[in-house]
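Me: I would like to learn how to read a model of this kind, feature by feature. Please take the general idea and then the case at hand.

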4 protein chains.
Amino acid sequence: MSVNFAILGAGRIGRVHASAVASVPGAHLVAIADPMHAAAEAIKEAYGCDIRTIDEILASTDVDAVVICTPTDTHADLIERFCEARKAVFCEKPVDLSLSRVANCLKVVEATKGTLMVGFNRRFDPDFMAVKAAIDAGRVGKVEMVTITSRDPGAPPSDYITRSGGMFRDMTIHDFDMARWLLGEEVESVFASASVLVDPVIGELGDFDSANVILRTASGSQAIITNTRRAAYGYDQRIEVLGATGMVSAENHGENRIQLADKDGFHSAPLLNFFMSRYTAAYANEINAFVASVTTGDATPTTGHDGLMALALAEAALKSVAEGRLVKVSEVL
Amino acid sequence: MSVNFAILGAGRIGRVHASAVASVPGAHLVAIADPMHAAAEAIKEAYGCDIRTIDEILASTDVDAVVICTPTDTHADLIERFCEARKAVFCEKPVDLSLSRVANCLKVVEATKGTLMVGFNRRFDPDFMAVKAAIDAGRVGKVEMVTITSRDPGAPPSDYITRSGGMFRDMTIHDFDMARWLLGEEVESVFASASVLVDPVIGELGDFDSANVILRTASGSQAIITNTRRAAYGYDQRIEVLGATGMVSAENHGENRIQLADKDGFHSAPLLNFFMSRYTAAYANEINAFVASVTTGDATPTTGHDGLMALALAEAALKSVAEGRLVKVSEVL
Amino acid sequence: MSVNFAILGAGRIGRVHASAVASVPGAHLVAIADPMHAAAEAIKEAYGCDIRTIDEILASTDVDAVVICTPTDTHADLIERFCEARKAVFCEKPVDLSLSRVANCLKVVEATKGTLMVGFNRRFDPDFMAVKAAIDAGRVGKVEMVTITSRDPGAPPSDYITRSGGMFRDMTIHDFDMARWLLGEEVESVFASASVLVDPVIGELGDFDSANVILRTASGSQAIITNTRRAAYGYDQRIEVLGATGMVSAENHGENRIQLADKDGFHSAPLLNFFMSRYTAAYANEINAFVASVTTGDATPTTGHDGLMALALAEAALKSVAEGRLVKVSEVL
Amino acid sequence: MSVNFAILGAGRIGRVHASAVASVPGAHLVAIADPMHAAAEAIKEAYGCDIRTIDEILASTDVDAVVICTPTDTHADLIERFCEARKAVFCEKPVDLSLSRVANCLKVVEATKGTLMVGFNRRFDPDFMAVKAAIDAGRVGKVEMVTITSRDPGAPPSDYITRSGGMFRDMTIHDFDMARWLLGEEVESVFASASVLVDPVIGELGDFDSANVILRTASGSQAIITNTRRAAYGYDQRIEVLGATGMVSAENHGENRIQLADKDGFHSAPLLNFFMSRYTAAYANEINAFVASVTTGDATPTTGHDGLMALALAEAALKSVAEGRLVKVSEVL
C-alpha cells in the first residue's frame with residue numbers, strides 16, 4: 001500500500017518534508033498548498049505534484065495524509081479539520097502555544113479516532129535511535145542521569161522569537177521531548193535558569209538566549225539540558241545517558257571527517273551548521289515511520305500527548321525562571 | 001539543461017547508479033537494459049523508466065548519456081559503440097583487463113571526440129574531496145608521503161576473483177587511482193608484496209588477498225597502499241597525506257556515532273560494512289560531476305587515461321610480485 | 001633556595017603528598033608525623049625522612065613548611081598553630097566543615113601574615129591548566145556556560161560519608177572550586193537537585209549520591225555540575241567552557257590509548273579509576289606551585305578564601321535541596 | 001635486593017637514564033662517568049652520586065650494573081669489558097654499526113655468561129605494551145599486517161647523521177625492532193624505498209630522510225614502516241596490527257588533551273615533540289625491567305640478539321635501496 005500526501009505550507013520546513021516524502025518508498029506527494037504562489041510552484045516543479053488550496057485538499061479523495069507546515073497558530077485548527085476529514089495528520093511541533101488549546105485539539109483527535117503524529121524529528125536521528133536502542137537493550141542499566149547539550153549556531157531574527165513563543169517553547173521543546181523519551185519515565189518537576197547573554201534585544205522581547213534546565217522524575221532520575229542560541233563552532237547536538245552499569249552517548253556531526261595537522265596542532269571542521277543538514281536522515285526516517293503507522297494502523301511513534309507534555313515542561317520551565325524555584329509539572333497541567 | 005540517461009546492466013552496481021541518477025537534479029533515467037528481465041523490471045518499477053535493448057538505446061534519440069554497468073569484458077566494445085553513436089559515456093572501472101585493449105578503446109574515444117568518464121567513485125567521496133581540497137589549497141605543503149589503508153570486510157566469491165582480474169586489477173585499482181590523484185605527480189615505479197593469508201582458495205586461483213605496495217614518483221614522493229580482503233571490523237577506508245608543512249587525513253565511517261561505556265571500557269560500532277553504504281554520497285557526486293561535464297562540455301574529472309594509468313600500476317604491481325623487484329611503470333606501458 | 005617539608009598525617013593522601021614533594025626540585029621531605037607508627041615508618045623508609053611528633057615539628061628549626069593531611073576536624077587548629085609558628089602551610093581541603101570555623105581560622109592566618117594554600121589539586125591538572133590558559137588568552141571570548149562532569153567510579157564506605165560532611169562538602173567542593181575558577185566571576189546563586197540512586201544506605205545517612213547543580217553569576221553566566229558516586233567506566237572528569245566566540249574542553253584519561261577493533265566494533269580502555277593515578281601530575285604541580293610561593297613570597301594560587309567560598313557553595317547547595325529553590329550565596333555567608 | 005648503578009656518559013641520553021634509575025624503586029645511582037666534567041657534575045648534583053672514571057667503575061665493588069650511554073663506537077668494547085668484570089650491562093642501541101663487530105661482541109657476552117640488555121625503549125611504552133598484550137591474549141587472531149608510522153619532528157644536525165650510521169641504522173632500527181616484536185615471527189625479506197625530501201644536505205651525506213619499508217615473514221605476514229625526518233605536527237609514533245579476527249592500534253600523545261572549538265572548527269595541541277617527553281614512562285619501565293632481570297637472574301626482555309637482528313634489517317634495507325629489489329635477511333647475516 002502506498003500513501004498519498006499533501007503538504008500544507010511550502011516554506012523552509014515544508015520543503016524539508018517534501019524532500020523527505022520524496023525519499024520514502026511508498027510515499028507520494030500529490031499536492032502542495034501555500035498562499036505564496038512562488039513557494040508552491042517551486043515544490044510543484046521539483047516533485048511534479050499539484051498546487052491545491054487547503055479546502056481542495058480537504059476534499060481530495062486522492063490524498064491519504066497531510067503534513068502541516070503552516071504557521072503555528074493554524075496548527076490546531078488544521079489538525080481538527082483534517083482529522084474530521086479522515087486524513088492522517090503529521091503536524092510540525094508545536095500543536096499550539098497554549099496548553100489548553102492543545103488539550104482541546106487532542107480531544108477532537110480522539111473523538112474522530114484520528115491519526116496524529118507530532119514532529120519531534122530528533123527521535124528519528126539514526127544516532128539518537130541507536131542510543132535509545134542501547135538503553136532499551138539494557139546496555140547501561142537503569143537510567144539515572146541524562147545530559148542534553150543543545151546549542152544553536154546563532155539566534156533567529158527578532159520577529160521569529162516573538163512568534164515562536166520563546167526559547168523554551170520553540171527550541172528547548174525538542175530537548176524536553178528527548179529527555180522524556182530517554183528517561184523512560186515521566187518528568188515530575190522542573191527547575192530552569194535562564195540568561196540573556198547573546199543579544200540584549202532578545203531580553204527586551206522578554207525571552208532568553210541561554211539556559212540550563214534540571215528535570216526530575218518520581219524515582220529521582222534527573223536530566224539536565226544546556227541551551228544557548230550561539231555556538232561559534234556550529235550546531236551542537238549531543239546526548240549522554242548515564243545508567244547504573246554504563247553510559248551511552250551520541251557525538252556531534254562535523255562538516256566532514258578530515259583532520260589537518262600542522263605546527264599548531266590538529267584541526268577538524270566545524271559542526272554542520274544547520275538543522276536541515278544535521279537532521280536530513282531524521283526527517284526521512286520520521287516520514288517513513290508515519291507512513292508505516294498510516295499503512296498498518298499502528299500508533300504513531302510520537303503523539304499529540306507527546307506534544308502536550310513537551311509544551312507542559314516548557315510552561316513549567318518558564319514558571320521556574322519567574323519564581324526561582326522547582327516547579328511541579330502538575331502545577332501547569 | 002537536463003541529461004537523459006540509460007543504464008546498461010541492472011545488477012548490483014547498476015542499481016547503485018540508478019539510485020544516484022535519481023538523486024541528481026537535472027538527470028533523468030529514461031531506459032534500463034539487461035538480459036535478465038527481473039533485474040531490469042525492478043529498476044523500471046522503482047524509477048519509472050523503460051526497458052530497452054542495448055541496440056534500442058544506441059538508436060534512442062531521447063538518450064543523451066549511458067552508464068555502463070555490464071560485465072567487464074563488454075566495457076571497451078560498448079564504450080566504442082556509444083561514443084560512435086555520440087552518447088556521453090560513463091563506464092564503471094575497469095575499461096578492460098588488457099592494457100592494449102584499453103589503449104585502443106581510448107583511441108576510438110579520441111577519434112570520435114567522445115565523452116568518457118571512468119568510475120573512480122572514491123574521488124567523489126566528500127571526505128576525500130576535502131582532503132584533496134586541503135592539499136590543493138597548500139595546507140600541507142608539497143606532498144611527500146601518501147598512506148592508503150584499504151581493506152575489504154571479506155573476500156568475494158571465487159568466481160568473482162577469477163573474472164575480476166585479481167586483487168590488484170579489481171580492488172587495489174581504486175587505491176592506485178587515489179594515489180595518483182593525491183600525489184599530484186605521475187608514478188614512476190612500483191614495488192608490491194603480496195600474500196595469501198585469508199583463504200588458500202584465493203592462492204589456488206593464482207591471486208592474493210593481502211598486499212602492501214610502494215609507489216614512487218620522479219621527485220621521490222612515495223605512496224604506500226595496504227590492502228587486505230578481510231577486516232573483521234568492517235570496510236576500512238582511510239587516507240593520510242604527509243606534506244612538508246603538515247598532514248591531512250580522512251577517518252573511517254562507523255555504522256553510527258554512538259559510544260557505549262561500561263566496566264570494560266568504551267565501545268563504538270563497527271565500520272559500515274559495504275561499499276555502497278560507505279560511498280553512497282560519492283556515487284551521487286560522481287554522477288553529478290558527469291552531468292555537469294555533459295552539460296558544459298568541460299572535461300570529465302576522471303578520464304579514460306586515468307583508467308589506463310590505474311591499470312598500468314596494477315600490471316606493474318603484478319610484475320613486481322613475480323620478480324621481487326621495483327618495476328618501472330614504463331616497463332608495462 | 002630549597003624548602004624543607006614536614007607532612008602531618010601518613011595516610012593515603014599523606015603518601016600522595018610525600019611522593020609529590022619528592023618529585024619537586026627544591027623541595028625536601030624532612031619529617032613525617034603520624035600516631036600510626038607503621039604508616040609513618042613506611043614514609044620514612046621510602047623517602048629517608050625523620051619521624052617526629054606534631055609538637056616536635058612545630059619546634060623544628062629545619063622545617064619551613066607543612067602539608068596537613070590529618071583528619072578534617074584537626075585542620076583549622078593545625079593551620080592556626082603552624083601559622084603562629086611561622087611555618088608555611090599547605091592544607092588539604094576542607095579547612096573545616098563549619099563555615100564560621102573556617103572564617104575564624106582565616107582571621108588567624110591573616111593576623112599572623114601566614115602563608116596558607118588550600119589543596120584544590122584539580123586546578124593544577126595540566127589539561128585543566130591548559131583550559132584556563134585558553135580562556136585567559138581570550139580564545140573563547142567571554143565565558144558564558146561551564147559544564148563540569150564529575151563522577152566517582154564508586155561510593156566510599158559509609159563511615160567516610162559520615163565524616164566527610166556529605167557529597168556536596170566532600171566531592172562537589174572540588175567542582176565548586178573549578179566552577180569559580182573557570183567562570184572568572186563570583187557565584188551569586190545556587191540551585192541543586194540531589195537524589196539517592198546508587199545506594200539507599202547513603203540516603204539513610206542523610207546524604208545523596210547523584211546531583212545536578214546550577215550556579216549563576218551576577219552577569220548571568222552559568223555553570224552546571226553533574227555528579228554521581230558511581231560511573232561503571234571509571235573516574236569521569238570532564239570540563240567544558242562555552243564562551244561568546246568558542247568552546248574549550250578537556251577530555252578524560254583512559255588507562256591507555258590503545259584501540260581494539262573486532263566484529264563488534266571499536267573498543268578502548270576504561271578510565272583511570274582512582275583519583276591518585278588520574279591526578280598524579282596535578283599533585284606534583286600543586287606542591288611545585290606552593291614551593292614557588294614559599295620561595296618568592298608571592299600569594300599562593302589557591303587560598304583560604306577559595307576554601308571558604310567553595311564550602312559556602314556547598315552550604316548553599318544543601319539549603320537549595322532542602323528548600324527546592326534558588327539560594328543566594330549571601331544567605332549562607 | 002637493590003641494584004647499584006653507574007652510568008657511562010652524561011649526555012642527553014645519560015640524563016634520561018639517570019632520571020629513570022632515580023625513579024625505579026630498588027635502583028640506586030652510585031656513580032657517573034664522563035670526560036666532560038660539567039656534564040658529570042650536573043648529574044652528581046641532581047642525584048647525589050659520585051663522579052668516577054670508567055676504569056674506576058670497572059673496579060668498583062659497589063657497582064652491580066652499568067648503563068652505557070657513550071658514543072656508539074665505544075659500545076661493543078665497553079660491553080665486553082664490563083661483562084668480563086661481571087657487571088650487568090644495559091647498553092643503548094646500537095651495539096655497533098658493524099654486524100660482524102656485534103656478532104663478536106655477543107660471543108664475548110655469551111662466553112662470560114654476561115647479562116646484556118639492549119635499549120629498545122619503545123617496547124616498554126605502556127600503550128605499546130598494551131598492544132602486545134592484546135596480541136598475546138589472542139584478541140586479534142593471527143597477526144597478518146603491522147603498520148608502523150614513525151616520524152621525527154625534525155632532522156638531526158649533519159654531524160649526528162654521519163656518526164649515527166644513517167636513518168635506517170639510527171631511526172628505523174627502533175621500528176625494525178618493533179616490527180619483529182609485534183609480528184612474533186622472524187623477518188625473512190626486506191624491501192625499502194628511500195628518498196631525500198626534507199633536506200638535500202642529508203642526501204649529500206649519502207643518507208635519506210624519508211622512507212617506506214616492507215618486511216615479510218616466512219608465513220607471508222607483512223609489516224610496513226613509514227618514516228620521515230620531518231613532521232610539522234610533532235613526534236608521530238603510531239602502530240597498528242591487523243590480525244585474522246581484529247585490529248589493535250596505539251594512538252599518538254598530544255601535548256595535552258584539550259580541544260578548542262571556534263568558527264574554524266575544532267583544534268587540539270600538536271604532538272609531544274621530543275622522544276624524551278613522549279617516552280618518559282618507557283625509559284622508566286625499561287630500567288625497571290632491567291633491574292628485575294638483574295635481581296632475579298631471568299633473561300632480559302631485550303637482548304643482544306635483538307640488537308643484532310634489528311641492525312641486520314637495517315643492512316638489508318640499505319642493500320634493497322641500492323639494488324631496487326627484495327633482499328633476504330640471510331644475505332646480510
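Me: What rotation and what shift along its axis superpose chain A on chain C?

Reply: Two copies of a chain are related by a rotation about an axis and a shift along it. Here chain A goes onto chain C by a rotation of 180 degrees with 0.0 Å of shift, at an RMSD of 0.0 Å (a least-squares fit on the C-alpha atoms of residues with pLDDT of at least 70 in both copies). That is the relation of a two-fold axis. This is a predicted model, in which local features need pLDDT of at least 70 and side-chain atom pairs count only at pLDDT 80 or more, while totals for chains, interfaces and linings use all residues. Residues are numbered from 1 along each chain as its sequence is written, and chains are lettered from A and ligands numbered from 1 in the order in which they are written.

Me: Which residue of chain A comes closest to the rotation axis?

Reply: Arg325(A), whose C-alpha is at 2.0 Å from the axis. As for the interface, 100% of the interface residues of chain A are also interface residues in chain C, so the copies meet through the same surface.

Me: How is chain A divided into domains?

Reply: The bounds come from an automatic or database domain assignment. Domain 1 of chain A covers 3-114, and domain 2 covers 123-281 + 310-331. Their C-alpha centres lie 27 Å apart. Seven residues of domain 1 and eight residues of domain 2 make the contact (C-beta atoms, placed from the backbone, within 7 Å).

Me: In what order do the strands of the open sheet in chain A stand?

Reply: Strands of a sheet pair through backbone hydrogen bonds, either parallel or antiparallel. In chain A the six strands follow the order β3-β2-β1-β4-β5-β6, with parallel pairing. Strands here are DSSP E runs of at least two residues and helices are H or I runs of at least four, numbered from the N terminus; two strands pair if DSSP finds at least two bridges between them. β3 (50-51) and β6 (116-119) of chain A are at the edges with a single partner strand each, so one side of each is left without a neighbour in the sheet. β5(A), residues 88-92, is joined to β6(A) by four bridges, and Glu92(A) has Gly119(A) as its bridge partner.

Me: Which strand of chain D gives the most to the side that touches chain A?

Reply: The contact takes twelve residues from each of chain D and chain A. β14(D) gives the most to the chain D side, with four residues. That side has six nonpolar, three polar and three charged residues (nonpolar: Ala, Val, Leu, Ile, Met, Phe, Trp, Tyr, Cys and Pro; charged: Asp, Glu, Lys and Arg; polar: the others, Gly among them). β14 of chain A, residues 265-268, pairs with β14(D) in the antiparallel sense over three bridges, and Ser268(A) stands opposite Phe266(D).

Me: How many residues of α1(A) are buried?

Reply: Nine of its twelve residues are buried (20 or more other C-beta atoms within 10 Å of the residue's own, placed from the backbone). Among them are Ile13(A), Arg15(A) and His17(A).

Me: Which elements do the buried residues of α4(B) pack against?

Reply: They pack against α3 (54-59), β4 (65-68), β5 (88-92), α5 (99-111) and β6 (116-119) of chain B. The buried residues of α4(B), which spans residues 75-84, include Ile79(B) and Phe82(B). After α4(B) comes Arg86(B), with a positive phi near 65 degrees.

Definitions and conventions
Two residues are in contact if their C-beta atoms, placed from the backbone, lie within 7 Å.
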